[in-house]
Every structure is written in C-alpha cells, then in structure tokens.
Amino acid sequence: MTQLVALLLTAFMFQTAAPKPGPWISLFDGKSMAAWRIFKTETAPKMCETPGAPGNKDCWEIVDGILRKDGHANDIASKQMFGDFELELEWNIGDASNSGVFYRGTEEFNQIYWSAAEYQLLDNVNAADNKKDNHLAGSVYDLFAVPKDAVHPAGQWNQTRIVAKGAHVEHWLNGKMIASYNVGDAEWAAAIDASKFKPARYPNFGKATTGFLGIQGDHPGTLALRNIRIRELK
C-alpha cells in the first residue's frame with residue numbers, strides 16, 4: 001500500500017511539473033505574411049510582384065496556400081517573441097538548396113544567427129553544406145549532429161517540430177527526436193568551443209531565454225513552407 005501511494009505521488013508530481021501548452025497560434029495561414037517582417041525592421045518581407053509567375057527570383061510568394069522562395073529572398077523574423085514553446089512546420093527544399101529556422105533570436109546584432117540557434121533545412125545529398133553531420137537537415141547547426149537519413153529527399157515534404165523549455169531544446173524531424181541539448185551544460189560548452197560560435201566572436205549566442213523566430217531566405221535555392229504554428233509552454 002505504501003509503495004502504491006509513493007508511485008501515485010510521484011506520478012502526480014511529474015504530471016504537475018510537465019509544461020502546460022497554450023493554444024496553437026498560426027504563423028502562416030496560407031494567405032498572409034502578417035506575422036512576419038524583415039529582421040530588425042518593421043518592413044514587410046519583399047514579395048514577388050506576380051505570385052506564381054515563371055522566373056520569380058529573390059522574393060517570397062504565396063501560391064496555393066504555400067509560402068515559397070527561389071534565390072536570395074529576405075531573412076524574415078517573427079513580430080512576436082517566444083520563450084518556452086513548441087513550434088511545428090512543414091517544409092520542402094529544392095535540389096542543392098539550403099535554409100534554416102532560427103529561434104530565441106535577439107536584435108542586438110545585425111544578423112539573427114549571431115544570437116539564435118538554427119534548425120538546419122537542407123538537401124543532404126547535393127547541397128554544398130552537407131560535409132558535416134552537424135550541418136545536416138534537422139541538426140542544431142554546427143553544434144549537434146543528426147542522422148543523414150532522417151530527412152526525406154529534396155522535393156518532398158518534411159515535418160519539423162522544435163520544443164524549447166527552459167534550457168532544454170529538442171529537434172524533431174518526421175516524427176522522431178533527432179537532437180536535444182541543454183544550454184549551458186558541459187556538452188553545450190564543448191559543442192560551442194568546437195564550432196564557429198565561439199564566445200570571442202558570438203558572445204551571447206544561444207543565451208536568450210526569449211526571442212524571435214527567423215527563417216533564412218538569403219541562401220541560394222528553393223524553399224517551400226506550410227502549416228507554420230506555435231504554442232507557448234507554461
């Protein structure tokens with residue numbers, strides 16, 4: 001009986017300590033870019049003049065409920081800041097293409113990647129940035145490696161989930177958790193020291209507990225996004 005009470009008490013404590021998600025917030029409804037802006041401005045992202053027209057380059061466009069770009073479009077950032085959250089989106093990247101999703105970014109530097117960790121979006125086969133396991137699709141860019149075969153091939157849709165609660169962050173790809181880390185622990189420190197994000201150059205990288213989301217548009221290639229939504233964890 002005593003053992004049963006102890007088990008029930010432990011289960012109750014675990015349940016009450018678990019994050020309580022808030023309602024889902026749509027960040028792209030297939031029609032509008034109202035939740036987004038050019039990083040460090042209040043300016044709307046540069047949109048293609050005629051969505052769906054052949055040859056559109058270096059701009060964002062919305063076609064058939066999908067946000068997409070070809071070439072060097074704006075890096076975009078969310079208007080709203082998020083701390084502890086669960087983010088979901090679907091993405092389809094083109095042959096040899098490269099992009100990424102940033103989170104908890106600040107505006108203290110000119111580029112969001114100076115402060116924000118990146119969930120890499122990549123064609124693992126033909127993109128130039130595919131030589132290291134911590135640069136592959138779903139990786140914590142330049143920090144934590146992931147399996148090469150976790151992603152679907154270029155031209156197919158993938159489902160991403162990022163969960164951030166306090167110092168703990170998880171990267172999910174197509175229903176599987178492929179990377180996780182804890183900001184500030186020994187593994188994090190070792191990964192930082194071995195990466196391009198050394199404190200001497202990137203003094204506040206990954207330290208913010210609340211920040212903006214970002215989507216990398218200025219890298220070459222094509223990218224399509226849909227069903228972008230987020231909910232806060234309390």
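Here is a short chat about a pocket and some paired strands in this predicted model.

Student: Which element gives the most residues to the lining of the largest pocket?
Tutor: The largest pocket has a volume of about 220 Å³. Among its 18 lining residues, Phe102, Tyr113, Glu118, Gln216 and His219 are the closest to the centre. Two elements give two or more residues to that lining, namely β7 (98-105) and β8 (117-122). The one that gives the most, with 3 residues, is β8.

Student: By class, how many residues in the lining of the largest pocket are nonpolar?
Tutor: Let's split the lining by class: 5 residues are polar and 5 are charged. The nonpolar count is 8.

Student: Now the strands: which residue in the turn between β9 and β10 has a positive phi?
Tutor: Strand β9 (residues 158-165) runs antiparallel to β10 (residues 168-173), and 6 bridges join them. One pairing puts Thr160 with its bridge partner Leu173 in β10. The two strands form a hairpin with 2 residues between them, and the turn residue with a phi of about 65 degrees is Gly166.

Student: And what is the positive phi of Asn174 in the next turn, between β10 and β11?
Tutor: β10 also pairs with β11 (residues 176-182), again antiparallel and joined by 6 bridges. Here Trp172 stands opposite Met177 in β11. This hairpin has 2 residues between its strands, and Asn174 in the turn has a phi of about 55 degrees.

How values were computed:
Residues are numbered from 1 along each chain as its sequence is written. This is a predicted model: local features need pLDDT of at least 70, side-chain atom pairs count only at pLDDT 80 or more; totals for chains, interfaces and linings use all residues. Side-chain values use heavy atoms; hydrogens and water are left out. On a 1 Å grid over the protein atoms alone, a cavity is a set of points where a 1.4 Å probe fits but cannot get out, and a pocket is an open set with protein on both sides within 12 Å along at least five of seven lines; lining residues have an atom within 4 Å of a point. Grid points are joined across faces, edges and corners, and a volume is the space filled by probe spheres set on the points. Helices (H or I, at least four residues) and strands (E, at least two) are DSSP runs, numbered from the N terminus. Ala, Val, Leu, Ile, Met, Phe, Trp, Tyr, Cys and Pro count as nonpolar, Asp, Glu, Lys and Arg as charged, and the others, Gly among them, as polar. Two strands pair if DSSP finds at least two bridges between them.
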